[in-house]
Amino acid sequence: DYLLWASPNAAAASQIVEFERRKAVKVIHGGGDLAELIEKIEPRIRAYGKVNGCDLIMGMGRKGWERALKDHGYRLGWITMIRDIK
């Protein structure tokens with residue numbers, strides 16, 4: 001199940017995922033005004049994760065998110081490799 005989180009100028013989609021030792025709320029997609037994503041939407045997603053027993057919030061995206069989120073307590077977890085299918 002996915003949840004859509006919206007503000008006037010931004011939105012994000014998330015889902016809860018369970019790993020062997022951790023439970024996380026994972027942001028699948030986010031876009032729009034970066035300040036709104038960080039200041040308005042992210043705290044709501046984090047609170048939702050906490051209420052649902054998650055001990056981690058994570059997101060996947062381009063490398064530029066590392067720079068945008070490092071001052072907000074995030075760190076680079078991994079990079080996803082992709083390949084075009086031709």
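**Figure 1. Charges across the predicted model.** The protein chain carries 15 positive and 11 negative charges, and the mean positions of these two sets lie 4 Å apart. The coordinates shown here, and every value drawn from them, belong to a predicted model. About 6800 Å² of the protein chain is exposed, with carbon and sulfur atoms supplying 53% of that area.

**Figure 2. Overall fold and dimensions of the protein chain.** Two helices and four strands make up the secondary structure, and along the sequence they follow the order β-β-β-α-β-α. Because a compact globule of 86 residues would have a radius of gyration near 12 Å, the 13 Å found for the protein chain agrees with that expectation. Along the principal axes, the C-alpha atoms fill a box of roughly 40 × 35 × 25 Å. Among contacts with a separation of 6 or more, 50% join residues that are 24 or more positions apart.

**Figure 3. The largest nonpolar core.** Of the 86 residues in the protein chain, 28% count as buried. The largest nonpolar core has 10 residues, namely Trp5, Ala10, Ala12, Val25, Val27, Leu37, Ile41, Ile45, Cys54 and Ile57. At least two residues of this core come from each of β2 (10-18), β3 (23-32) and α1 (34-51), and α1 gives the most, with three residues. In soluble globular proteins, nonpolar side chains tend to be buried together.

**Figure 4. The surroundings of Cys54.** Cys54, one of the residues of the largest nonpolar core, is in contact with Ile16, Lys23, Ala24, Val25 and Gly49, once its neighbours within four places in sequence are left aside. Among these partners, Val25 also belongs to the largest nonpolar core.

Terms used. Residues are numbered from 1 along each chain as its sequence is written. This is a predicted model: local features need pLDDT of at least 70, side-chain atom pairs count only at pLDDT 80 or more; totals for chains, interfaces and linings use all residues. Side-chain values use heavy atoms; hydrogens and water are left out. The radius of gyration is taken over C-alpha atoms; the globule rule is 2.2 Å times the number of residues to the power 0.38. Buried means under 20% relative accessible area, exposed over 50%, partly exposed in between (1.4 Å probe, protein chains only). Contact means heavy atoms within 4.5 Å. Accessible areas come from the Shrake-Rupley method with a 1.4 Å probe; for residues, only the protein chains shown count as cover. Lys and Arg count as positive and Asp and Glu as negative; His and the chain ends are not counted. The place of a charge is taken as NZ of Lys, CZ of Arg, CG of Asp or CD of Glu. A nonpolar core is a set of buried Ala, Val, Leu, Ile, Met, Phe, Trp, Tyr and Cys residues joined through side-chain atoms within 4.5 Å.
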